[in-house]
Amino acid sequence: ALAFAIQAGMPARMTYNVADTARYLGIDVKTLREEHRAGRLAFIIPVGQERGARIRVDEVDRWLDEN
């Protein structure tokens, strides 16, 4: 996943927000949120917040391998 992000012109990071993840994967944000709700993709939610979810690059790799 990190290679996809870098290829899309994003800086190398351990996590990306949901919109950036969707952008570098070339899929809709709704798809990522549906996968999260179904328990197939883990998000990191900042403590005490409902917004600002992030997705670890290694979690995207795992999800891609399984799908």
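A crossing of two helices is right-handed if the near helix is turned clockwise from the far one by less than a right angle, and left-handed if anticlockwise.

**Entry: α2 against α4**

I needed that wording for the first helix pair I looked up, in what is a predicted model. The pair is α2, residues 18-25, and α4, residues 57-66. Their axes come within 12 Å and cross at roughly 45°. I had to look up the angle classes here: 35 degrees is where roughly parallel stops, and roughly perpendicular starts at 65. α2 and α4 are therefore oblique to each other. As for the hand, I noted the crossing of α2 and α4 as right-handed.

Next I wanted the side of each helix that takes part. From α2 I listed Thr21, Tyr24 and Leu25, and from α4 their partners Val60, Trp63 and Leu64. Sorted by class, the residues of this contact are 5 nonpolar and 1 polar, with no charged ones. The spacing in those lists made me recall the helix repeat. An α-helix has 3.6 residues a turn, so residues three or four places apart point the same way.

**Entry: α2 against α3**

Same helix, other partner. I have α2 and α3 packing at an angle of about 115°, with 8 Å between the axes. This crossing, too, went down as right-handed. On the α2 side I wrote down Val18, Ala19, Thr21, Ala22 and Leu25; α3 brings Val29, Leu32 and Arg33. By class that gives 6 nonpolar, 1 polar and 1 charged.

**Entry: how enclosed is α2?**

With two helix partners noted, I asked how many residues of α2 are buried. The count is 6 of the 8, so α2 is largely enclosed by the rest of the structure. I listed the buried ones as Val18, Asp20, Thr21, Ala22, Tyr24 and Leu25. Then I checked what covers them: the cover includes helices α1 (2-7), α3 (29-37) and α4, plus strands β1 (15-17) and β2 (54-56).

Asp20 caught my eye in that list, so I pulled up its numbers: at 16% relative accessibility, it counts as buried. Asp20 sits in α2. Setting aside neighbours within four places in sequence, I find Asp20 in contact with Met10 and Arg13.

**Entry: the aromatic pair**

A pair of aromatic rings is described by the distance of the centres and the angle of the planes. My search for such pairs returned 1. In that pair, the ring centres of Tyr16 and Tyr24 are 5.3 Å apart and the planes stand at 70°, so I call the pair edge-to-face. Buried or exposed, these two tyrosines? Tyr16 has a relative accessible area of 0% and is buried. Tyr24 has 6% and is buried as well. Tyr24 had already come up in my α2 to α4 contact list.

**Entry: the loop between α3 and β2**

I picked two residues from this loop, Leu41 and Phe43.

Leu41 counts as buried, at 2% relative accessibility. Not counting neighbours within four places in sequence, I have Leu41 in contact with Leu32, Glu35, His36, Ile55, Glu59, Arg62 and Trp63. I also took one C-alpha distance: Leu41 and Arg56 are 15 residues apart along the chain and separated by 9.9 Å.

Phe43 is buried at 13% relative accessible area. What does Phe43 touch, beyond residues up to four places away in sequence? I get Val18, Leu32, Arg33, His36, Ala53, Arg54 and Ile55. Val18 is one of the buried residues of α2. For a distance, I took Phe43 to Val29: 14 residues along the chain, 13 Å between C-alpha atoms.

**Entry: two more aspartates**

After Asp20 I checked a couple more of its kind. Asp28 is in the loop between α2 and α3. At 44% relative accessibility, Asp28 counts as partly exposed. From Asp28 to Val18 I have 10 residues in sequence and 9.7 Å in space, C-alpha to C-alpha.

Asp61 belongs to α4. Its relative accessibility of 30% also puts Asp61 in the partly exposed class. The distance I kept for Asp61 is the one to Ala1: 60 residues apart in sequence, 5.6 Å apart in space, again C-alpha to C-alpha.

Notes
Residues are numbered from 1 along each chain as its sequence is written. This is a predicted model: local features need pLDDT of at least 70, side-chain atom pairs count only at pLDDT 80 or more; totals for chains, interfaces and linings use all residues. Side-chain values use heavy atoms; hydrogens and water are left out. Axes are lines fitted to C-alpha atoms, for helices over the stretch in contact, and angles run from 0 to 180 degrees between N-to-C directions. Helices (H or I, at least four residues) and strands (E, at least two) are DSSP runs, numbered from the N terminus. Angles under 35 degrees count as roughly parallel, over 145 as roughly antiparallel, 65 to 115 as roughly perpendicular and the rest as oblique. Contact means heavy atoms within 4.5 Å. Ala, Val, Leu, Ile, Met, Phe, Trp, Tyr, Cys and Pro count as nonpolar, Asp, Glu, Lys and Arg as charged, and the others, Gly among them, as polar. Rings of Phe, Tyr and Trp (its six-membered ring) pair if their centres lie within 6.5 Å; planes under 30 degrees apart count as stacked, over 60 as edge-to-face and the rest as tilted. Buried means under 20% relative accessible area, exposed over 50%, partly exposed in between (1.4 Å probe, protein chains only).
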